[in-house]
Amino acid sequence: MTELKVVSVSKVYKKKTALYPCSLQATKGKCVVLCGGNGAGKSTLLKIIAGILFPSSGTISINGLEMNSSRETYLAQIGFMPDDFNAQEMMTVEEFLHFYGSLRRVGKDRISEVMDLIGLVDKKRELVKSLSKGMRQRLLFGQSILANPTVLLLDEPTNGLDPYWVNQFVEILNQLKKSGTIIVFSTHMMDVAAEVSDVILFMKQGNIIQTITNKNNIEETTMKLMKLHRQ
Ligand SMILES: Nc1ncnc2c1ncn2[C@@H]1O[C@H](COP(=O)(O)OP(=O)(O)OP(=O)(O)O)[C@@H](O)[C@H]1O
């Protein structure tokens, strides 16, 4: 059974601990949502799993294959959507997807399929820098799913999406789950979390302080936690 395993991963900057040892795991088709206030450590944890930040301790593996020992093979199985980006602004939408597609040897048909899925076919000749916030988010999401990754990591993916695209996004994620993709994403939108997640991890000051599996009244539960643990 395909499995993502994150064991006691931490991150210490020069003077600051951004993440205390945190663990999580997810099997094929399951979705873990990270929530918690600003600065709780969600992006740090996602970037470490994505291989963009080196952890100060801990191990991460997919199907027993550790990131440290087989970095290239590990990374080939990851799709990552960052919460922000400034690069490649002067590419067109089409060039952007072809650029990321070429890094993963993705065929033209798949690129067209993704462009259609994220609703940017009409914008394909426009520059990335001219896109609205929501369209940029859709483009970033598109590049993360291009190569049908085993593990999909998304940092606040619904930021800036209008209600139609939030709905579409939920549908796409649920389809990806059905096809077996493991998904880990951070969000402040608890209704989205409730619709897609199998487990919600509530983070505070670099720690996972609560694991929520009961999705009844999820918005109320997390709001209470947010109030109690606001940062
Ligand atoms: N390069 C860095 N150097 C030092 N501290 C950092 C660095 N990057 C992040 N941090 C700190 O690590 C902590 C966790 O930040 P992180 O971005 O992971 O939080 P987050 O939960 O994603 O927050 P938000 O919801 O606001 O995006 C914060 O206290 C932040 O200030």
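**Helix 1 and what follows**

I began at glycine 51, which comes right after helix 1 and has a positive phi near 85°. I should jot down that this is a predicted model.

Next I asked myself how many residues of helix 1 are buried. The count is nine of nine, so helix 1 goes into my notes as mostly covered. The buried residues are Lys42, Ser43, Thr44, Leu45, Leu46, Lys47, Ile48, Ile49 and Ala50. I was pleased to find two lysines, Lys42 and Lys47, on that buried list.

**Around the ligand**

Which residues surround the ligand? I listed Tyr13, Lys16, Ala18, Gly36, Asn38, Gly39, Ala40, Gly41, Lys42, Ser43 and Thr44. Helix 1, residues 42-50, gives three residues, the largest share of this shell. Lys42, Ser43 and Thr44 from the shell are also among the buried residues of helix 1. Sorted by class, the shell holds six polar, three nonpolar and two charged residues.

**Isoleucine 49 and the core**

I stayed with helix 1 a little longer and followed Ile49, one of its buried residues. Leaving out residues up to four places away in sequence, isoleucine 49 touches Val6, Ile60, Leu153 and Val184. The largest nonpolar core has 62 residues, and within it Ile49 and Leu153 touch the most other members. Why does this core lie between the two domains? Both domain 1 (3-77 + 149-228) and domain 2 (85-148) contribute residues to the core, and therefore it sits between them.

**The two domains**

I then looked at the division itself: the protein chain splits into domain 1, which is 3-77 + 149-228, and domain 2, which is 85-148. Taken over C-alpha atoms, their centres are 23 Å apart. Ten residues from domain 1 and ten residues from domain 2 make the contact. On the side of domain 1 that touches domain 2, strand 7 (151-155) and helix 6 (163-178) each supply at least two residues. I sorted that side of domain 1 by class and got seven nonpolar, two polar and one charged.

**Helix 3**

Moving into helix 3 (residues 93-103), I noted Val93, Phe96, Leu97 and Tyr100 as its buried residues. Do they line one face of the helix, or are they spread around it? They line one face, because seen down the axis of helix 3 they fall within an arc of 90°. A reminder to myself: an α-helix has 3.6 residues a turn, so residues three or four places apart point the same way. Phe99 and Ser102 are exposed and sit on the face of helix 3 turned away from its buried side. Helix 4 (108-117) and helix 5 (133-145) are among what covers the buried residues of helix 3. After helix 3 comes arginine 105, with a positive phi near 55°.

**Two more positive phi values**

Asparagine 148 was my next stop, in the loop between helix 5 and strand 7. Its phi is positive, near 45°, in a residue other than glycine. I asked whether asparagine 148 is buried or partly exposed. It has 16 other C-beta atoms within 10 Å, which makes it partly exposed, since buried needs 20 or more. Asparagine 148 and valine 106 are 42 residues apart in sequence, yet their C-alpha atoms are 9.3 Å apart in space.

Glutamine 205 also has a positive phi near 45°, and it too is a residue other than glycine. I found glutamine 205 in the loop between strand 9 (199-204) and strand 10 (207-212). With 16 C-beta neighbours inside 10 Å, glutamine 205 counts as partly exposed.

**Isoleucine 218**

My last entry is isoleucine 218, which belongs to helix 8 (residues 218-228). Which residues does isoleucine 218 touch, not counting those up to four places away in sequence? They are Met190, Ala193, Ala194, Ile200 and Ile212. From isoleucine 218 to alanine 193, 25 residues apart along the chain, the C-alpha separation is 8.5 Å. I counted isoleucine 218 as partly exposed because it has 19 C-beta neighbours inside 10 Å, and buried starts at 20.

How values were computed. Residues are numbered from 1 along each chain as its sequence is written. This is a predicted model: local features need pLDDT of at least 70, side-chain atom pairs count only at pLDDT 80 or more; totals for chains, interfaces and linings use all residues. A nonpolar core is a set of buried Ala, Val, Leu, Ile, Met, Phe, Trp, Tyr and Cys residues joined through C-beta atoms within 7 Å. A residue is buried if 20 or more other C-beta atoms lie within 10 Å of its own, exposed if 12 or fewer, and partly exposed in between; C-beta atoms are placed from the backbone. Domain bounds come from an automatic or database domain assignment. Two residues are in contact if their C-beta atoms, placed from the backbone, lie within 7 Å. Helices (H or I, at least four residues) and strands (E, at least two) are DSSP runs, numbered from the N terminus. Ala, Val, Leu, Ile, Met, Phe, Trp, Tyr, Cys and Pro count as nonpolar, Asp, Glu, Lys and Arg as charged, and the others, Gly among them, as polar. A residue is near a molecule or strand if its C-beta atom, placed from the backbone, lies within 6 Å of it. The arc is that of the directions from the helix axis to the C-beta atoms.
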